Amino acid sequence: MEKTFETANAPAKRGRPYGGVAPEARDAERRDALIRAGTCVFGTVGFRKATVRAICQEAKLNDRYFYAAFDSTEALLRATYQQHAEDLRAQVGQATAAADSTLEARVDAGLHAFFTFLRDPCAARVLLLEVMGVSPETDATYQRNLLEFGRQIMANAQPPGAPEVDDADLRADQRIIGLALVGAMTNVGAAWLLTGYRDPEEKMVRNCRQVLLGTLRTMMGA
């Protein structure tokens, strides 16, 4: 039914530029607008109460553009979550790359980037809360990103220029430890969000630093 609806309501002369903007660029702009709107709606009323109408009103788009980009609100939720996950990894990566070469400096930089990101309550709610337990497909997206975050934490623990680990058993240990640390940061981040950022960011960083450094130093045999 959605396919028929989309075809019947597709914009005319899709292949022609409009106002000097190519159709592909307009599609990308609308998709970005829907992701921003999804962030706002999912981050306020929650995924289960979100409607296509509310999202389109927030994006200031006709619902035909929604169905041209996404099959469902769940598909938009996955895309919105994926966008925020990638943005967070990029911000953490930039912060740690700019920090001093010591493990302590890299951990602090990564934690500050993480908690700064969570200052956007709508993005934080999508990233930490709304995506969980929706469906097996969405759970799979969530789990893939947890692994990526875990790899980032473990890579951050290695000195710059260190060779990749080639021992399969050690790689498995690092994967599990990375997931454990991501789980800890996810839980503390969600609690910070749900309490309205009750504790100062410096306090959050200081205490989470102990968890990360203690684990990473043990792993590295320091």
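Across residues 176-197, the chain of this predicted model is 86% helix and 0% strand, and the C-alpha atoms at the two ends of the stretch lie 29 Å apart. This is the segment to which UniProt, in an unreviewed entry, assigns the feature "transmembrane region". A second stretch named in the record offers a useful companion. The unreviewed UniProt entry lists residues 51-70 under "DNA-binding region", and here the chain is 75% helix and 0% strand, with end C-alpha atoms 13 Å apart.

The overall fold sets the scene for both segments. The protein has 10 helices and zero strands, and reading along the sequence gives the pattern α-α-α-α-α-α-α-α-α-α. Of the 222 residues in the protein, 41% are buried.

Within the segment listed as "DNA-binding region", one residue invites a closer look. Ile55 belongs to helix H3, which covers residues 52-59. With a relative accessible area of 0%, Ile55 falls below the 20% cut-off and is therefore buried. Its C-alpha atom is 8.4 Å from that of Cys40, a residue 15 positions away along the chain.

Charged side chains come next. Side chains of opposite charge can pair when their charged atoms come close. In this model, the count of salt bridges comes to nine. One of these salt bridges joins Asp27 to Arg30, with 3.4 Å between the closest N and O atoms. Both residues sit in helix H2 (residues 23-42), three residues apart, or about one turn of the helix. The two partners differ in their exposure: Asp27 is partly exposed, at a relative accessible area of 27%, whereas Arg30 counts as buried, at 18%.

Other pairs reach between helices. Glu137 and Arg78 meet through their side chains in a salt bridge, at an N to O distance of 3.4 Å. Glu137 lies in helix H8 (residues 136-157) and Arg78 in helix H5 (residues 73-98), so this pair ties together parts that are 59 residues apart in sequence. Arg78 is buried, with a relative accessible area of 16%. A further salt bridge connects Arg209 with Asp108, whose closest N and O atoms are 2.6 Å apart. This pair, too, links distant parts of the chain, with Arg209 in helix H10 (residues 201-220) and Asp108 in helix H6 (residues 103-117), 101 residues apart. Arg209 is partly exposed, at a relative accessible area of 24%. Salt bridges with shared partners also join Glu74, Arg78 and Glu137 into one network, so the buried Arg78 takes part in both the H5-to-H8 link and this network.

Elsewhere, charges of one sign gather on the surface. Asp166, Asp167, Asp169 and Asp173 form a patch of negative charge there. Asp173 is placed in helix H9, which covers residues 168-194. The relative accessible area of Asp173 is 36%, which makes this residue partly exposed. That value is also over the 30% required of patch members, so Asp173 meets the accessibility condition for the negative patch.

Note on methods
Residues are numbered from 1 along each chain as its sequence is written. This is a predicted model: local features need pLDDT of at least 70, side-chain atom pairs count only at pLDDT 80 or more; totals for chains, interfaces and linings use all residues. Side-chain values use heavy atoms; hydrogens and water are left out. UniProt positions are given in the numbering used here, feature names are shortened, and annotations may be inferred rather than shown by experiment. Helices (H or I, at least four residues) and strands (E, at least two) are DSSP runs, numbered from the N terminus. Patches are made of residues with over 30% relative accessible area and no salt bridge: like charges are joined within 9 Å, nonpolar side chains (Val, Leu, Ile, Met, Phe, Trp, Tyr) within 5 Å. Accessible areas come from the Shrake-Rupley method with a 1.4 Å probe; for residues, only the protein chains shown count as cover. A salt bridge is a side-chain nitrogen of Lys or Arg within 4 Å of a carboxyl oxygen of Asp or Glu. Lys and Arg count as positive and Asp and Glu as negative; His and the chain ends are not counted. The place of a charge is taken as NZ of Lys, CZ of Arg, CG of Asp or CD of Glu. Buried means under 20% relative accessible area, exposed over 50%, partly exposed in between (1.4 Å probe, protein chains only).
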